[in-house]
Amino acid sequence: VHENIDARIYPHGWRTSKFDDRAWNTPVTRPPFGSGVAAKEALPVALRSLPATKFSLLPPPAPLADSAPPTYRYVIDYGRNFQGHVNISFATGVPGQQVTVRLGEQLLTNGSVKFHAESTNLWEDQWTLSGQPGENFVPHEYSEFRWAEVIGAPEPPTHAMISGWQVHYPFNANLNEELRVSSDLASSSEL
């Protein structure tokens, strides 16, 4: 499992300036690294919102009990590969309900996401819902993927509840002179 997030104990809102972090441990100041380590100028990384292009419903998982609420299984297509992650909100959910999100660059023949990457990475997150209305999951780590498969969701997908976030690295040819390459190309081929 890539990430295992339990919304019942997750510190919702920790990314905002209004979050009360007084219960957190005080950071420890460490001495500087040894010689040979120097800061290097870099452009800031930008995060961009990325809408889902379409959804495909798959057969839902079997219910764990006769009294269990119905769940949904679907694949989200973002239209292209990107670096980032999903941003999914659930309007409903049962406390302790498990939702699995699998990411991949390919689909299997049955329409599900191939989440076992060729690099041997396993792109699967496990989310445990708190049952609070309007739960929003925006994982902190990012992956390279095009499709996301959601298993055990409390409701079917809509564009209002699903998007993605993309990491964007701006390019500045003047920033790093030693890596600058010429754009001139000479070839004996007329192609």
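Buried means under 20% relative accessible area, exposed means over 50%, and partly exposed covers what lies in between (1.4 Å probe, protein chains only). Keep those words at hand, since this tour uses them at nearly every stop.

This is a predicted model, in which local features need pLDDT of at least 70, side-chain atom pairs count only at pLDDT 80 or more, and totals for chains, interfaces and linings use all residues. Residues are numbered from 1 along each chain as its sequence is written, and side-chain values use heavy atoms, leaving out hydrogens and water.

**Stop 1: the whole chain**

Start with a cartoon view. You will find nine strands and zero helices; helices (H or I, at least four residues) and strands (E, at least two) are DSSP runs, numbered from the N terminus. Reading along the sequence gives the pattern β-β-β-β-β-β-β-β-β. Now switch on the surface: the accessible surface comes to about 13100 Å², and 55% of it belongs to carbon and sulfur atoms. Such areas come from the Shrake-Rupley method with a 1.4 Å probe, and for residues only the protein chains shown count as cover. Of the 191 residues, 30% count as buried. A contact means heavy atoms within 4.5 Å. Among the chain's contacts with a separation of 6 or more, 81% are between residues 24 or more positions apart.

**Stop 2: a pair of rings**

Select Phe-82 and Phe-145. A pair of aromatic rings is described by the distance of the centres and the angle of the planes. Rings of Phe, Tyr and Trp (its six-membered ring) pair if their centres lie within 6.5 Å; planes under 30 degrees apart count as stacked, over 60 as edge-to-face and the rest as tilted. The structure holds six aromatic pairs. In this one, the centres are 4.6 Å apart and the planes of Phe-82 and Phe-145 stand at 50°, so the pair is tilted. The two rings link distant parts of the chain, with Phe-82 in strand β4 (residues 72–90) and Phe-145 in strand β8 (residues 143–153), 63 residues apart. Phe-82 is buried at 2% relative accessibility, and Phe-145 is buried at 0%. Add Tyr-78 to the selection, and you have one aromatic cluster of Tyr-78, Phe-82 and Phe-145.

**Stop 3: Asp-77**

Stay in strand β4 and select Asp-77. Is Asp-77 buried or exposed? Its relative accessibility is 7%, so Asp-77 counts as buried. Leaving aside residues up to four places away in sequence, Asp-77 touches Ala-52, Thr-53, Lys-54, Arg-146 and Trp-147. Next, look for polar contacts, which are pairs of N or O atoms within 3.5 Å; within protein, one must be able to donate a hydrogen and the other to accept it, and residues adjacent in sequence count only if both atoms are side-chain atoms. The side chain of Asp-77 makes such a contact with the side chain of Arg-146 (2.9 Å), and it also reaches the backbone nitrogen of Gly-79 at 2.7 Å.

**Stop 4: salt bridges**

A salt bridge is a side-chain nitrogen of Lys or Arg within 4 Å of a carboxyl oxygen of Asp or Glu. The whole structure has six of them. Select Arg-73 and Glu-149, whose closest N and O atoms are 2.8 Å apart. This pair links distant parts of the chain: Arg-73 is in strand β4 and Glu-149 in strand β8, 76 residues apart. Glu-149 is buried, at 1% relative accessibility.

Move on to Arg-102 and Glu-124, whose side chains meet in a salt bridge (2.7 Å, N to O). Here strand β5 holds Arg-102 and strand β6 holds Glu-124, 22 residues apart. Arg-102 is partly exposed at 22%, whereas Glu-124 is buried at 12%.

Then select Lys-114 and Glu-118, a salt bridge with its closest N and O atoms 2.3 Å apart. Lys-114 is partly exposed, with a relative accessible area of 25%, while Glu-118 is exposed at 66%.

**Stop 5: Thr-120**

Thr-120 lies in the loop between β5 (98–104) and β6 (124–128). What is the sign of phi at Thr-120? Phi is positive there, at about 75°, although Thr-120 is not a glycine. With 70% relative accessibility, Thr-120 counts as exposed.
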